[in-house]
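Here are a few exercises to work through with the model open beside you. Try each one first, then read the solution.

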Amino acid sequence: MPRKLLLLPPLSVSSAFRAPRACPAARPAMNAARNGYRVFSANSTAACTELAKRITERLGAELGKSVVYQETNGETRVEIQESVRGQDIFIIQTIPRDVNTAVMELLIMAYALKTACARNIIGVIPYFPYSKQSKMRKRGSIVCKLLASMLAKAGLTHIITMDLHQKEIQGFFSFPVDNLRASPFLLQYIQEEIPNYRNAVIVAKSPDAAKRAQSYAERLRLGLAVIHGEAQCAEMDMDDGRHSPPMVKNATVHPGLELPLMMAKEKPPITVVGDVGGRIAIIVDDIIDDVESFVAAAEILKERGAYRIYVMATHGILSAEAPRLIEESSIDEVVVTNTVPHEVQKLQCPKIKTVDISLILSEAIRRIHNGESMAYLFRNITVDD
């Protein structure tokens, strides 16, 4: 008997070469790896990794494995020692005295993580360097804008910082910037650590700091004082060549092009607007670096009758002879946060106290990674804070 042939339908290309499906049990692990995050420290010095360790302890995570060091010729080398593919990476970079080395460490680590296929690279830079160079000064340059462009080119996609020197700096970046505030921690220190703080007055050492001082005074329900007439950190009226004659020979200037001459500024005598007699004076600012202006303000307040003087700032850079000048001055206590490492300065001057702000940084990292709103960290925050 002739055999019957069983004809099967032809196989389509898609069905013939269909990839095997992954086991359902393997999917959660794959998603967890893809949606994970790592925290790295870009500093090559042990003193600067203290803040990173505090943040990872609060997050319940381990610090990412990496090596950052300087070669004998001064070049910075970064080695990432674990896989970061498809993950959110947070680079914590505190800025020590060697600012340029810290900037290069951050740029090189960000670029290394970018080439290692990290999904998002978020820089946690509590004190943003070069923030004072955010305005054009004669023939200078806006270095802060240049640094923002370099960070974007290196691969950063987001930045977490704290108390930018000028809030307009956020406009320099082509990616999101979360500018956190340290004022809640400093206000808490005033309420808990300064005896009889109700008898205090908040002081702005210059009119430029009046908005910040007013915010502190309104939140603590205290009085406000402003020191006016001291030497300001403004452009020096020096000969920079702008009034030099044109180089073209026999050139004539049209009478209609003559501009009116601007009158020179005259600084008024030093005055204190507000009553500080028999009160505790609390000077507030965002950065304390060269302390000569703070020491001079303390002397003025002492002459006006203030019996105890505090200086509070977010970033305690305290360069050069700052610890010695503070120790020899009328300032009773300087309170700063740990956005910048200053353990050496504290050993030189017992008046320097530190407030830990790792709590808000760790919470910001957690919320960004989980896609939660950051509004909780900006409760009751205004533009002047």
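**Exercise 1.** What share of the contacts in the chain with a separation of 6 or more comes from residues 24 or more positions apart?

*Solution.* Start with the ground rules: this is a predicted model, local features need pLDDT of at least 70, side-chain atom pairs count only at pLDDT 80 or more, and totals for chains, interfaces and linings use all residues. Residues are numbered from 1 along each chain as its sequence is written, and side-chain values use heavy atoms, with hydrogens and water left out. Next, take a contact to mean heavy atoms within 4.5 Å. Residues 24 or more positions apart then account for 69% of those contacts.

To round off the overview, the chain has eleven helices and 14 strands (DSSP runs numbered from the N terminus: H or I of at least four residues for helices, E of at least two for strands). Of its 385 residues, 43% count as buried (under 20% relative accessible area; exposed is over 50%, partly exposed in between, with a 1.4 Å probe and protein chains only).

**Exercise 2.** Find the buried residues of helix H7 and say what they pack against.

*Solution.* First, go to residues 210-220, which make up H7. Its buried residues are Arg-212, Ala-213, Ser-215, Tyr-216, Ala-217 and Leu-220. Then look at their partners: helix H6 (183-193) plus strands S8 (200-204), S9 (223-228) and S11 (280-288). Finally, step past the end of the helix to Arg-221, which has a positive phi, near 60°.

**Exercise 3.** Is Asn-338 buried or exposed?

*Solution.* Place the residue first: Asn-338 sits in the loop between strand S13 (333-337) and helix H10 (343-348). Its relative accessibility is 13%, so Asn-338 counts as buried. Now check the neighbours, skipping residues up to four places away in sequence: Asn-338 touches Leu-51, Arg-54, Thr-354, Val-355, Asp-356 and Ile-357.

**Exercise 4.** Which residues line the largest cavity?

*Solution.* A cavity here is a set of points on a 1 Å grid over the protein atoms alone where a 1.4 Å probe fits but cannot get out; lining residues have an atom within 4 Å of a point. The search of the whole structure turns up one cavity of 30 Å³ or more, and the largest holds about 40 Å³ of space. Its lining consists of Gln-93, Ile-95, Val-103, Leu-106, Ile-125, Phe-128, Pro-129, Leu-147 and Leu-151. Helices H4 (99-115) and H5 (143-154) each supply at least two residues of that lining.

**Exercise 5.** How many aromatic pairs does a search of the whole structure find?

*Solution.* Rings of Phe, Tyr and Trp (its six-membered ring) pair if their centres lie within 6.5 Å; planes under 30 degrees apart are stacked, over 60 edge-to-face, and the rest tilted. The search finds three pairs.

- Tyr-37 and Phe-90 are edge-to-face, 6.1 Å centre to centre with 90° between the planes. This pair links strand S1 (residues 37-41) to strand S4 (residues 88-92), 53 residues apart. Tyr-37 is partly exposed at 22% relative accessible area, whereas Phe-90 is buried at 0%.
- Phe-128 and Phe-173 are also an edge-to-face pair, 5.4 Å centre to centre with 75° between the planes. Phe-128 lies in the loop between strand S5 (120-125) and H5, and Phe-173 in the loop between strands S6 (158-162) and S7 (177-180), 45 residues apart. Both Phe-128 and Phe-173 are buried.

One last step: ring pairs link Phe-128, Phe-173 and Phe-175 into a cluster, and Phe-128 is also one of the residues lining the largest cavity.

Note on methods: 1 Å grid on protein atoms, 1.4 Å probe; cavity = no way out; pocket = protein on both sides within 12 Å on 5 of 7 lines; lining within 4 Å. Points joined across faces, edges and corners; volume = space filled by probe spheres on them.
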